[in-house]
Each structure stands twice: as C-alpha cells, then as structure tokens.
Amino acid sequence: MSDHANDHELHILQGSTKRESEHHHEEHGDEDPADDTVREHRLDLATVREKLRDKSGKQYWRTLEELAGNPHFEDLLHREFPRHASEWDDAVDRRNFLKLMGASLALAGMAGCGRPDENNIVPYVKQPDGMILGRPRFYATAMPFGADAIGVLVESHEGRPTKLEGNPDHPSSLGSTSAMVQASILNLYDPDRSQTTQFDGEIRTWSAFLEAAQSLATAAKAQNGAGFRILTGTVTSPTLGGQIKKLLTLYPQAKWHQWEPASGDGAREGAKLAFGRYLNTVLVPGKANVILSLDSDFLASGPGHIAYAKQFSRRRKLDTPSDTMSRLYVAEPTPTVTGSSADHRLPVRASDIELLARALAAKVGTGAAVALPAATEKWLSTVAEELQKERGTSLVVAGDQQPAAVHALTHAINASLGNVGTTVYYTEPVEIEPAANLESLRQLCSDMHAGKVDALVILGGNPAYNAPHDFDFLEKLKKVHTSIHLSPYFDETSAYCNWHIPESHFLETWSDARAYDGTASIIQPLISPLYFTKSAHDVVAAFSDKPGSPPYDLVRAYWTDAMGHSDVSVESGWKKWLNDGVIPGTKFSPINGEVKWSASSLPAFHPAQAGQIEFIFRPDPSVYDGRFANNGWLQELPKPLTKITWDNAALVSPKYAQKLELLHKVEARGGEHGQVRSRVVDVELNGSKVTAATWTLPGQAEDTVVLPLGYGRTRAGFTGSNKGFNAYVVRTSNGLWVSTDGKITVTDDTYPLACTQYHFNMEGRQILSTASLAEYKKNPGFAHEGAQAPAKDDSLYQEFSYPGYAWGMAIDLNKCNGCNACVIACQSENNIPVVGKDQVMRGREMHWIRVDRYYTHAESPTNDPSTYNPSLDNPETFFQPVPCMQCENAPCEQVCPVAATVHSAEGLNDMVYNRCIGTRYCSNNCPYKVRRFNFLRFQDWETPQLKLLRNPEVTVRSRGVMEKCTYCVQRVNNVRIDAEKQSRPIRDGEIVTACESACPSEAIVFGNANDPDSRVAKLKGQQRNYSILAELNARPRTTYLAAVRNTNTDLVKE
Amino acid sequence: MSTSEIPLNSQARYEPDPVLEPGHTYASVTDKISSIVLTRPLGLGWLAGFTLVFSIVMVLFASLAWLITKGVGIWGINIPIGWGFAIVNFVWWIGIGHAGTLISAILYLLNQKWRTSINRFAEAMTLFAVACAGIFPLIHTGRPWMAYYMFPYPSTMGVWPQFRSPLIWDVFAVSTYGTVSLLFWYVGLLPDLATLRDRAKEKWQQYIFGMLSMGWRGSAHHWHRYQSAYLLLAGLATPLVLSVHTVVSFDFSIAIVPGWHTTIFPPYFVAGAIYSGFAMVLTLCIPLRKAYKLEGFITMRHLDTMAKVMLATGEIVAYGYFVEFFMAFYSGNKFDVFLAEQRLHGPYSHFYFALILCNILTPQLLWFKKVRRNVAALFVMSLIINTGMWLERFVIVVISLTRDFMPSAWGRYSATFWDYSTFIGTLGLFVMLIFLFVRGLPAIAISEMRELVHEESHANKEHV
Amino acid sequence: MSGPRSQLYGVMGEFETPEAILAAAKKAREVGYRHITAYTPFPVEGLAQTIGFRWTAVPLLTLLGGLGGGLSGFGLEYWCSAISYPLNVGGRPLNSWPAFIPVTFELTVLGASAFAVISMLALNRLPQPYHPVFNVDRFARASTDKFFLCIEARDPKFGLAESARFLQSVEAQHVTEVKDEE
C-alpha cells in the first residue's frame, strides 16, 4: 500500500518538460512515459494475454515473436522478474507469468549468434597451475571511467568474477578502489541489461547488423563519409581511438563528436587558455604542505581521485604530537567530501570562485587586484600568505565544474608559486582526441537539424537523456536517417535509435585504457559475455574495412605496433602486461607547460550580483551522471553528506530554506533513521520546469541551490527508473553548471526521502573525538577525556584471555573522508542484500558498515538542519565508519537466548546464522546499533544472474536472522589455512578486510592486536586511540584515532 | 433461618455489607451456580457476543498466517526499535494474569473470606491471559518454527540454551507460571466438577464431568489431603507470581539500554501487574455479575475492596515512575538524564502524559468512597487503568529504544495494521475463552461457597 | 469371577448439618468402629481427625519435589554452560551462577507444585471412576448439601443390623446398605 503511495510521489517528482508532464499525469507512476515517436504502445500482462488468447502452437510462438520484438515486452518480462529484494515483486497472475517466462526463454534461441572465442587470461598473483576449486584467483584489468581508468584485481571463483579489489601496481588505484568501482560488478550481473541487438525494436542477429553497417559504410564511402557521424563519451582507449581515427581517414568528411555530461570542459579549455594547447594536469597532493581547492572535489571525484586521496591521507597521519600535517583550504558552493575534510572551508557561490581565483592571482603577483567582501578577503589573504610561505610545496586545485578561466588562473597561480614540477605537473592529454564537449555536441545537433547526418553511431552514453535541454537532441535525432546506439541498457536514447547494440561490460571484453597519468592498461575479460553483447571495438570495426575482427586482435594489433614487435611478439611481454595490469613505460612524462597567460586572454568576467540565487548542477555522488542509476548498491548507498538514498533532492542552504520555509518532517515510521518528509518545489530554469524534493544541507553557500544530476531516469531499468527528479530537464548549454535566471516556487506537496542518518550532533557523548592540531599538541590525551573505561581488574570475575591472535581494528578518523568505498566493498564481499526505498524508510537497511556524519559545534532548535541557526552555515563536518565493534564484553552475546552470537577464541564476536531464531534482543542491547536484521526475505533467491554475483565463502542469509560485520572472518580463515599449511604464524597485513582494502585513504587497519609489532597494535598504542562510549566497558576491539584538524590560528580567532 | 431475622443480622454486623448475600443455603448456592452451567439455555446475548469475539479470533489467525508467510517485517519494528507491540502486549497480558493468582493464592493464605466468590474466574482469567501472553514471545521471533531452540534438549548441534539470557528465564518462568496456575485452578475445580457430575441431567454431561472429577467423593480423607495440597499450592504460587513479573522485568533491567537498565523495575513491574490485573478482574466481573445475576455473590464489598487494592498498587506504580526520574538525575548518568527529558519533551511525550493521566491521576478518585461504590465509575476506571498500563509498557519498551546510545542510529516506531490486528486478535481470544468458561464451568467455587454459607450461618447464630 | 455378584460394602446414614455428622462420627469411634468414612459437600473441620485420620504425606512429597526441581535446574544450567559446551559469552564466566538463579527458582516451584497435586491425587486413589458408595442413589447429594457417614463391612465390629441400628440411634436418616457390584 505504501508502495503505491511512493509511486504517486515519485510521479510528482517526474522531471519533465511541459509537453511530457501531461503524459505523466495520465500514466501510472511506475511506468515509462508513453511517447508518440515509439510505434508500439506500452504493454501490460493484460494486453499480452489479449494478443495470445486463442493462439496455439506455431501461431502462439509467432505472436510471441512479434511481441518479443517489442521493447516494452522485454521491459515487461524484466519487470516481472523477481528483483534484488522480494519486496519489490509486484503481484502478478503467476500462470500467465510462467507462460511468458517460457516465451522469453524461447527468445534466447531466436537470435542465433555465436560466442566470441575465449582467449586465455593470465592470473595475477597465483600461477595458473590448474585451478584449485574453491580457491579464488585474481586477475588484473582496468575499469575505464571518464578521462581515467582504475586498475583492479578481479576475484574470480571458478570463472565467475565476484569482487573487485584495487591493483597496487596501477597508478589510479594504488591498491584501493572507490564506491563506484566496487559497485560496477553489480552492473555486470544486472538482470535489466540489454541482451540482444535490435532494429526498430525487433530482435536482429549481430550478422544482420554487420551487413547493415557495411552497406552504410559503402554508402558513406561514396560521399567520402559526409553525413557519417560518431558520438562517444571521453575516450582514453588507444585502440578505440586508433580505430576511430582510421575510420576518419577512410571517410575524410566523417566527424567524431564527444559528449560527457558530468565532467566539464573547464579543465580542458583552461589548459588551452593557459598553455595554448590541450594539456593534462596531474596533481601530487602528497608533496603539498598547503592545498587550496577552488570548488574541486579532488579527493572523491575526477581523474586520479583515489590516488590523490591516498597521497593526501598520508600527509594527515599523526603518530606522535610532533608529527606535521598538511593543511587543506576549500572554497566551494556546496559541501563535498573534500570540503568536509578541509581544515578551513569557505562556502561561496560557484560563480564567486572565479572572483576568488582572480583575487588570489593578484595576491601572488599575476593579474589585477579584485575587491572582495571583508570576510572573504580576510580568509583569502590568510590563505595567500600561507601559500606564498610554502612556495613550491603548495598547491591550488580548480574544480571540474569551474569555467576555463578559473583553471587558467589556477595554472598561473601554481606557476607563480613555483609549484609546477613538485606538487603539480602537466602531461600530454590522456584523452585520445581532446575536444570541447559542449561545442562538439552543439555542432552535431545543428548538423542533424540541417539534415546533414545520414548515419549516427552513438558509442555509449545516453544523449537523449543527458544532452543540454535546449539542444533538443531527440527532435533532431529523428532527422537522422540511420541511428545506431551502443549501450548496456535499452535506455532513453536506444528507444529513439534504429539500431540498438547491447554493450559488453568491461569485465566481458578485451580493450585498453589510459589512467589519469597516461599509464595504459590492457582490459581483459573475466568472463565471456553473459548475453549477446558487443564492445565499441566491434561496432567501430563493423564500419571499417575489416568488419567482425574481434577486439582481442584489435587490441593486440594496436599494441604490437605501438610498442614495437620486439617486445610484444614475445608472449611473455604481453603476458606480463596482463599479469601486472599496467603496460610499463606508458606513463606520460611531465612536460613543462609554458604559461602564456595574461589577464587580457581571459574571457570577460561578469560577477553575479550579491544575493542572486544560483542554481548549480553536480554529478550525483552515487549514480554519477545517471549511468549507475540501475545499480541497487549505489542507489541504496547513503550519500556522504545528506545520507539520502534512492533519490536526489534540490539542496538548499539552511538560511535559504528558512526564507522559503522548507521544513523537514521526521515521519514516525522510520524516523531519524529512515524517513524524512521534505517540501516539494517547482524549479523553473531556462524555460523549462522540474518538480523536486528539497533538502536543507548545512554548510552550503547561502544563495545556492544544487540540482544533482543522474536521477529521474525513465528507462534505467527496474531499479533506476522513476527515482528522484531529472535535473537535465532544466540544464541548458548556456547554464551547463551555473544558472541564475531561475525561480523556485514552493508547492504544497511533500515527498518522503529515505535518509539513514538525520540527527547530526553527538549530544555530548564520547563518540567522535576531535581537536585542533594545537590542542592536540597541548593535550595529546584529549580523546580519553570524554569517557573512561573501568580498570580491567574492577571485575569480580576473571577475564577471558586471548593468548593466540586477538583480531582488532583501528580506524583513523583523521584520514577518513567519508567516501563510502568501504560500505559498498563490504556489501559486495558479504552478499548483503538491497532492501529498497520503502524498507530503508522503515529503518531496515542492511549495511554492515555505515559511515556516520556529525557536525560539531552545530545546533538548531529542533536538532535538525531544517530550523535555522547560524552554526549551520558552515559547520565542521566529520565522518565515522562504524562496523561491528567486536566487543570483548559483548552486550549482544549475553542476552541471546540460544547462543547464536558468541565469542571466538580470537575475540571475534561470531554470528551463528543457522542457530539464530531472531529475537532481536542482541540488536536492542547493542550500544553501537551495528546489527542488521532480515525483517523480510530481503535476499533475492531466484534471479539467476545474481546467483553468479555471490561470494561463495559467505552464507547467504535468509529471512528472520540477525547479521552483522564479521571482520570478514572468511578472509581471516583463508589466510589461517595458508599459514598453517606452511606452519608459520599469520603475518601482519596478510589479512585485509574488504573495507580496509577498499579504503583509498588507508583509514582502516586490521590485524593482530596481540602482536606488538603489528600496525594495528601500534595504532592502538597511540594517544589518539579511543573507543566509542568507553564507559560502557564493552571493551570494543574496533577503536578509533581521534580526528585532528590542522587549523590556522589566524583564521580561528576572529 | 427465617427471612425475618436477616435484616436484624445485617444491621447487627459491623461490616457495611456482607461478602455473601444472606439467606443462602448449601443447596441454593450450589443450585444457582451450577445451573448456569447445566440447565441455563444459551441466551441470545451470549450467542451474539460469542460470534463477535469468535470472528475477532479469526482476525488473529489471519494475522498470524500472514506473519508466518511474510515475516516480522509486516510489523512496525526496525533497527533500532527491535521490539514493538509484540513485547508490549506480552508484558501487558502477563501482568493481567497476576491478579488472578494473587486473589486465589495470597488472599487464601491471608484467609480473606471475600476472595471466595471471585477467585475461580480470577484464576481462569490468569490462565487465559497467560495463554494470550504466551503467543507473543513465540511469534515475535524471526523464525518461530525454530523457537524450540530455547528449550534445553540434546540437539545434534550439541548446543544448549544460553542461560544468561533473560529470555530463557522468561521461557521457564512463563511456562512454570502457566502450569502451576492450571494445576491450582484444576485442584480448586475438582469438588465442583463432582457436584456437576452428580447434578447433571444429560448423559454426556455426566460422562464429561464424571471424567473430569476423577471420581471425587468428598470423603474426609480426600478433603484432608486436598486441603493440605491446596494450601501448599497457594504457598508456592505466591512467590511464583512475584517472581514471574520480576523475571519479565529482567528482560529490560538486565539490558544496558537507557530506560531499561534500572533496579526499580522488579517491584514496580509486580505492582503494575497487580494493578492492571485487578483492573481486568473488575472489567470482567462487573458485566458478569450483572449478566448472571450474581450480585448476591459478588457484592459491593468485593468491588470496594478491589478498588482499594488498585488504589494501593497504583500508588506504588506512581512511586516507581518517580524513582525512575529521581535515579536518572541523582545518578547523573547522561544517557538516563537524556532519556528522562526525552520522555517529557521527546517525540513521544504525549504517550507519557497519557499514561500519567491514566495510571496516576485518574485512580486518585478511588480515595472517595462514592467512586468506589459506583459500579459504572469503577468499570470505566478499570478500562482507563488497563489502557494506562498498556501505555506504560509501550513507553518502556519502545520509547527507550528510540533514543539510545548512538544518536546517529536514533529512530522512531509506528505500528502497522498487523500490529493492531494481532493485538486486538488476542483480546478476542481472551474474551472468547471467558465466554466458554462461564458457560462450561462453575464461574464461582461452589464448595467454597458452601463453606462460606456454613461460616456465615455460624456468624449469624453468634449474633442471635 | 462368574457373573455379577454383589457383596456388602457397608451401611450409610445421611445427616443434615456438619455438626450432626461430627457428633455421629465421634459416637461411632467411641462405640469402637474403626473403618468408618464421612462424605461431605465441603471440608468439615475436625472430621478427619475424629474418624482417626491425621498424618498425610503430601507436604513431605512436595518438599522432595521442590528440592528435586531446584537441584536439577541448577545442575542442568551448570552442566550445559560449563561442562557440556563451554562458550565465551560476552566475556562472562562459564559458571555465571547469579544468572542461573531465576531458572533454578522456577524449576523448584514447578517440581514442588507438580508433586503436591500428583501426590494428593495418588494418595486419594484418584482417578477412580467407580466406588461402591456411588451405588447409593441419595449419595449424589453428598456433593450438594447432605453429609453421609458410612460404616464399612470390613470393620471387625461391623454387623449389618446393629450398625444400621447404631446409625439410626445417632439420628441418621435414610440409613441404607451399600452394595459393591463387581
């Protein structure tokens, strides 16, 4: 019943232009918007039944085939499949359902298309001396992402990839991963993936496409390729780049366009502005003592962010009070992960960043002085002083969403601070063909409009959904004679293209990609394609003179040329590349970018007048630009600062919220840990309108409204469709990132948001200890003043002793930046189910490790951000990952009536699932509330694809049992077995928990607390080490190192 | 004795009104009570009422079926509020049971004559309340079909129950309580069953009651052993009834949750139990005496005395509330202090004030004799107190869980349709069992009434 | 035995009040009857003593039951937690005796109560659906308002005529002989 309610509300949020929104109001909330351009109207079981009535035998199947051609039918079949949580099943007449199931199976046979021949793949650490069943093997490959590729080691169980780990040898990973990388494996097994090639909604074979492609090719050749267009996202694959370029030489008139919706042109064009040519900027935050980020979230997004986070965190470690720390200043319009870990943070409007940049440039001696508001002036001059004090070891970073000018200024500033070569350096572009995306797309659209485009090949991406609204991509697409769309899903764009080619996942295909510093990796498949999917290489090859040549040959051939036969022709060379996951010597060497900068060469700057409301667009921290919309893990991942799941919301500052009277209402069901109702607003921007839920975000610049991208998808799949609102609807080419001519009107509607942590302060409890560096030096033991654990010998009884290993964990809050990588890593490692928005709103999400977000020194009359208080304008923000504390005096164990949770000899608080009867007493008695309960059957037992995903070493829990973090006991035992086989003790660092291995900032350390030389023992020995709520005497094995902020005294006293 | 002397006697007696309406003989009491079971035809009222409660019981079964099909997720519980209506109802029902045992056992030991006419159905009430209570600990588990893990049996896993857990104590306490109450009840019934056997006209009645009465002959030897056994049972039931709610209170006071972890719980739970128990006895016996014209046996004297007991226990409960607050602030424990404040102005404060109104303020009216002797007022009051005690358990179980140690994990609770349907279902079950009881078994202990007639007649003689 | 043949069980007299039967019973003892039984609708104080029945084993058996229950209770808990399957539960000692007390107590009460009831029934030879006295029609009122005194045939001093006469002499009404049909 509540589901219906949600549908309705989702429906309110449907991002839409006026024309579309009418459709919505006719449609049921849960269904795709009808559209006149698509021939078939929407199907439901009833109509299918209608079509099938009194058909039998051949006839029956023929009718089914007709149906099968219909994307909506596919869609329907998918919809009815059981999903990530049985909760999501909508009631269906089972008998008809089974009929259709049978049909859909038959369909598989209809597209008779062979599998690509397997090529042998080389394991990473363990040599392939025959597979040992039950022992996973690790293979190196890379995940391409924007202008970067993250090297990963894929854990493969009997040939099915189950988990991604970072590749220590790969520059973008250095052994760590991010939430998106961790979650990308779920996309591989997503049952909603498109499975077959289609033409105008009917199933075709790949060979049929090859023929079509060839005829197009010949047609194109006839007119030198005029009218032949390729549209891609950012391409860093040398092979693909090579293929496309070769194609362009075949058809000189053909054009290659690029469009990445969520990573701006600023960096690219800024470099051009500063250096006269495209250059790639590589940061070395590890070498910087002082960093100023101008609206850059370099710790959590953008090329190289994992490596940057690692370098940065290493400069934040404090073993003794005498250690030094780097200092981070951030000026940004809306709180980010980077801003939250800043020592000093200045909320300013996005457009004011350029003002800051210009002023700073003047202060460090390039360009003319600029007048600033007093407070900002004080802040900036302090920063400028310090930057100059640290000449050569300071760093200024500009954000991807900032315009070219800011980037150019930043380059100039870094140059004049002498940072180039130490904390920042420049290389040849990583992109194969750097181009101003917006212009590129604009040109394509105008060509299409002019009818100049006969064939358009869209390789990935989803322009119909994410192209600037004013380009009206869809309308223009109709003018294209033949449109071809390669995409993992049958998405918004596929629906309007003639050909749809299902795209292979990066774990299914051969390819290659360059990392942010130029290092190239071979992408090797871990599993042969689950469906009849193809890669961009296949599609481009189809138009080449050698159609149908397999990606393996293409990649191999490219690198054979590139590296010279001598190296590659030797098998071992190739094998080593695959083995290491990187191609040696491909890293770009620094080139000295000669800054040809002058104030005049900057585009004119019109500072927005004070008090002007700014609407800014940002990629969503979970679903990015919308490509992860159908990923249940990321959808259910609480966003770092808002802790909202399953939705996006227009983020407003507390002050502005007060002005608009946007109050939040905590619902009784779920409450602070589940459901918060927020006001719905209409945002009118650039001539179109979107209806959005709002969220009050402390620390946001006063006159800023953030519209996160990536939601409001209509054809994302079961998980991702009709969630949140579509910000692209109001995003236009002239206001791609910042837009001012908008107005916001508060409606009477409210909308329930699934927020996992609404309460933001600690009520003065010993939970997250913080201090400034100065205070820490003065009083190193500050972390213990909150609460004291009773002395061990206070107990009447003799304590249990742990003579062997004593597993323990130390989490350094000084390093944690709240990026959430650990949460998804844990979910992937431990087969943790997705429960869906409704269940999250009831406070039943299942994450074994959560990241709590607290604001210190912030208060408000109602203890929540929706009632204004000046302390909310720019609160200090801290993150705290909370796994099971593995208490030695575990309160949960004492109250379990059936001994389903007991202590192991090594101090692990073990959960015995098959003994648990589910009284939930343990959870009630857990002071840290880390236990999770299967209130319903959350785990999906039917969907076959998801069975492949599961980690065979972790029990799949069913309904009615309690579960919680186990310190990855399966990993502990694997290592123990190896160690015992070699009759040696387990080495420190040999056991790496999933959260620890994922963490980019090395904040989590696991090990044997009994071994004085272990890293964890050393950390626990530090003065900053404390345990949450120590006074309860639960004696947690998970302890924390207090967070210390390296504040600048000049800024503090004012 | 002739009717003419009755008014004299009653005036002569210092007691304002008797525990037994004068003028009754052994035969008359026996006849009046047993006829309800043996001869009285099924009235329309009874049938209508029974149909109603029976359909409510069907609601209970439906709710349980759905619960087993889907899981406890159909309720409002979540993390952090792992316990909701199920446990609230469990504690409430168990509490109600207590009055029965108290009346039949403790008042017996204290040799209180006035207990005689109400102890039988008070005991029945105990049994039925325990039956209702017993449902919840079972069904609130995630996997009820595995609940037998809680019993110490030699399992193939070799694992035993974890005897440090208050839930295991519950299992033993509640099952013992149920068993002993049943024995006590049955032993009390034995002579009356014999009476019914001997008076029954229908063959099947004779057959059934013959079986149940085991061939009781009321010989001097029987009575002698019977009395010593009955006395012993009373002696055993007394500490038992106190222990049961103490153990129930351990479910909370053993845990470390702020608002649960306090030493006042055992006494204040027991008092609360008796409080609600007597309220329920009133709720039941006021309509009962009306429907079956038993005003002669259940006199104003009984109602008045029970009202006094409620008043007394009510004050103890009030003291309990006070001590909770006092301890919070006196100890200075920041978690307890915070919770105490939450009760007053947290999101659930209205529940707390409602319970203060129901459990503390309203019952103060019982100080006035006028109220104690006004049947209607007493009936309403008893309903109010039952509600109040339910609210108290809700405040303790749920509200404490919404605000515990980690602010980041704070949540709220709201019951779903299935929470309510299950609760109402057990109310139906309870009333249905009462309906069956009053028509199937003597609702008043006949043999004890005869004894009472004997004693009363002596009293009369002395006065003459 | 062949065919139903009835033998004499005793003679029975009926009284109106407890006082009457009490007096009659006293008299019967004085004249030397030893096997006499009284049947009353409710316990009559002193009646049992008068007919020479004092001590009953019920309390002793109850005590034993209680002890048995308690000891086995604690024994079970200790054996399970400390010997059979010792587990480290939240760092609590294996023999957490304070935590074992509630169950011990409950089992004590359970054992005692069960023994009290069972021993009462057993010693009363119940259940016993048939008894000769049931053959007397008026005996049905023994469970309502009449008091019966029965002199059993096995009494050495018993004689149908004189016993009956004796009963009449103590104002018993409806003196009848009690037959035992086998």
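This is a short tour of the structure, with selections to make in your viewer and what you will find at each one. Keep in mind that you're looking at a predicted model.

**Stop 1: chain B as a whole**

Start by showing chain B alone as a cartoon. You'll be looking at 16 helices and zero strands. How far does the C-alpha trace of chain B span along its principal axes? It runs to about 80 × 55 × 40 Å. The radius of gyration of chain B is 24 Å, which agrees with the value near 23 Å that a compact globule of 464 residues would have.

Now colour chain B by burial. Of its 464 residues, 66% are buried. Switch on the surface, and chain B exposes about 16300 Å², with carbon and sulfur atoms supplying 72% of that. If you like contact maps, here's one more thing to look for: take the contacts in chain B between residues at least 6 apart in sequence, and 81% of them join residues at least 24 apart.

**Stop 2: where chain A meets chain B**

Bring chain A back and select the residues in contact across the two chains. You should pick up 63 residues from chain A and 62 residues from chain B. Together the two chains bury about 4900 Å², and 55% of this is on carbon and sulfur atoms. On the chain A side, put sticks on A:Arg765, A:Arg915 and A:Arg959: these three lose the most area to chain B, together 15% of what that side buries.

How many salt bridges does the rule find across the interface of chain A and chain B? It finds four. For one to zoom in on, select A:Glu672 and B:Arg412, whose side chains meet in a salt bridge at 3.0 Å, N to O.

**Stop 3: salt bridges within the chains**

Over all chains the count comes to 63 salt bridges, and a few are worth a visit. Begin in chain A with A:Asp352 and A:Arg349, which pair up at 3.2 Å, N to O. Are these two buried or exposed? A:Asp352 is buried, as its relative accessible area is 16%, and A:Arg349 also counts as buried, at 8%.

Next, select A:Arg627 and A:Asp625. Their side chains form a salt bridge of 2.9 Å, N to O. Here A:Asp625 is buried at 5% relative accessible area, while A:Arg627 counts as partly exposed at 32%.

Hop over to chain C for C:Glu152 and C:Arg154, a salt bridge whose closest N and O atoms are 2.5 Å apart. C:Glu152 sits on the buried side of the cut-off, at 5% relative accessibility, whereas C:Arg154 is exposed, at 57%.

Then go back to chain A and select A:Lys163, A:Glu165, A:Glu829 and A:Arg971 together. These four are linked in a network of salt bridges.

**Stop 4: the cysteines**

Finish by showing the cysteine sulfurs. How many disulfides does the structure hold over all chains? The number is zero. Zoom in on A:Cys995 to see an example: the nearest cysteine sulfur belongs to A:Cys968 and is 6.1 Å away, so A:Cys995 is in no disulfide, given that a disulfide needs two cysteine sulfur atoms within 2.5 Å. A:Cys995 counts as buried, with 9% relative accessibility. For a last selection, try C:Cys150, which is buried too, at 0% relative accessibility.

Definitions and conventions: Residues are numbered from 1 along each chain as its sequence is written. Chains are lettered from A and ligands numbered from 1 in the order in which they are written. This is a predicted model: local features need pLDDT of at least 70, side-chain atom pairs count only at pLDDT 80 or more; totals for chains, interfaces and linings use all residues. Side-chain values use heavy atoms; hydrogens and water are left out. Buried means under 20% relative accessible area, exposed over 50%, partly exposed in between (1.4 Å probe, protein chains only). Helices (H or I, at least four residues) and strands (E, at least two) are DSSP runs, numbered from the N terminus. The radius of gyration is taken over C-alpha atoms; the globule rule is 2.2 Å times the number of residues to the power 0.38. Contact means heavy atoms within 4.5 Å. Accessible areas come from the Shrake-Rupley method with a 1.4 Å probe; for residues, only the protein chains shown count as cover. Buried area is the accessible area (1.4 Å probe) that two parts lose on being put together, summed over both.
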